[in-house]
Amino acid sequence: MSDEEELSLPRAALNKIIKDELGSVQVSSEARELIANCCTEFVHLVASEANTICAKQERKTLAPDHMLEALQNLGFADFVPQCREVMAGCKEEVAKRRKYSLKLEKLGIPEEELLKQQQELFAKAKEEIAQLEAKEWLQVQEAAQMAANTSQSKPTTEEDEYE
């Protein structure tokens with residue numbers, strides 16, 4: 001991969017981290033660029049070490065344990081407990097998503113049918129809204145007509161006739 005094609009971390013994510021960690025401190029664009037480059041280099045370093053560990057174990061898939069061992073080998077053992085906590089949170093989130101997905105599968109309704117039902121519900125809701133708007137429009141028109149009729153049928157006084 002050439003230098004031009006080198007991957008980098010999303011700027012929005014880095015900016016959020018900087019803001020969360022530093023609060024109201026102003027950070028120059030050069031400093032933000034340096035932080036981005038350091039983060040990218042750190043990720044490359046850990047991933048490379050994890051890949052080496054994976055290869056030594058004759059594995060083809062890099063696993064979270066390879067990453068944690070790489071952190072320890074590189075002198076970042078203090079990060080491992082926090083990484084384990086984050087990993088547990090990620091596993092819980094994946095389990096929740098899987099559980100929700102299984103609920104849909106247990107319904108026994110194909111995805112196409114669910115999509116069709118959803119579109120029908122949207123169409124029905126749009127129709128109901130259109131009917132309500134038409135009814136409200138008619139009420140406004142009737143009120144305007146009544147007001148116009150009332151002002152036309154208002155009795156005139158003799159003073160009104162001479163003015």
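## Exercises on a helical chain

D20 is exposed, with a relative accessible area of 52% (buried is under 20%, exposed over 50%, and partly exposed lies in between, with a 1.4 Å probe and protein chains only). The model is predicted, so that local features need pLDDT of at least 70 and side-chain atom pairs count only at pLDDT 80 or more, while totals for chains, interfaces and linings use all residues. Residues are numbered from 1 along each chain as its sequence is written, and side-chain values use heavy atoms, with hydrogens and water left out.

**Exercise 1.** Determine how many helices and strands the protein chain has, and what share of its residues counts as buried.

*Solution.* Begin with the DSSP runs, numbered from the N terminus, where a helix (H or I) needs at least four residues and a strand (E) at least two. On that basis the protein chain has 6 helices and 0 strands, and its elements, read from the N terminus, follow the order α-α-α-α-α-α. Turning to burial, 9% of the 163 residues of the protein chain are counted as buried. Buried residues in α3 include H66, L68, A70 and L71.

**Exercise 2.** Find the salt bridges, state which elements hold their partners, and say how accessible each partner is.

*Solution.* The criterion is a side-chain nitrogen of Lys or Arg within 4 Å of a carboxyl oxygen of Asp or Glu, and it gives 3 salt bridges.

- Step one: D20 pairs with K16, at 2.9 Å from N to O. Because D20 and K16 stand 4 residues apart in helix α1, about one helical turn separates them. K16, like D20, is exposed, with 52% relative accessibility.
- Step two: E93 pairs with R97, at 3.7 Å from N to O. These two residues are also 4 apart, in helix α4, and so about one helical turn lies between E93 and R97. E93 is partly exposed at 37% relative accessibility, whereas R97 is exposed at 58%.
- Step three: E33 pairs with R11, with 3.1 Å between the closest N and O atoms. This pair joins distant parts of the chain, since E33 belongs to helix α2 and R11 to helix α1 (residues 11-22), with their positions 22 residues apart in sequence. Both partners are partly exposed, E33 with a relative accessible area of 36% and R11 with 38%.

The spacing in the first two steps can be set beside a general point: an α-helix has 3.6 residues a turn, so residues three or four places apart point the same way.

**Exercise 3.** Describe how α2 packs against α3, giving the angle, the axis distance and the handedness of the crossing.

*Solution.* First fit the axes as lines to C-alpha atoms, for helices over the stretch in contact, and take the angle between N-to-C directions on a scale from 0 to 180 degrees. Helix α2 (residues 29-56) then meets α3 at about 110°, and their axes are 8 Å apart. That angle makes α2 roughly perpendicular to α3 (roughly parallel is under 35 degrees, roughly antiparallel over 145, roughly perpendicular 65 to 115, and the rest oblique). The crossing of α2 past α3 is right-handed, meaning that the near helix is turned clockwise from the far one by less than a right angle, where an anticlockwise turn would be left-handed.

Next consider a residue pair: S48 and M67 are 19 residues apart in sequence, yet 9.4 Å apart from C-alpha to C-alpha. S48 sits in helix α2 and is partly exposed, at 44% relative accessible area.

**Exercise 4.** Which residue in the loop between α2 and α3 has a positive phi, and is that residue buried or exposed?

*Solution.* The residue is E58, placed in the loop between α2 and α3. Its phi is near 55°, which is positive although E58 is not a glycine. With 73% relative accessibility, E58 is exposed. A positive phi, near 90°, also belongs to G75, which follows α3.

**Exercise 5.** Locate F79 and R84, and give the accessibility of each.

*Solution.* F79 falls in the loop that runs between α3 (64-73) and α4 (80-106), and F79 is partly exposed, with a relative accessible area of 39%. R84 lies in helix α4 and is partly exposed too, with 43%. Finally, R84 and P64 are separated by 20 residues in sequence and by 9.1 Å in space, C-alpha to C-alpha.
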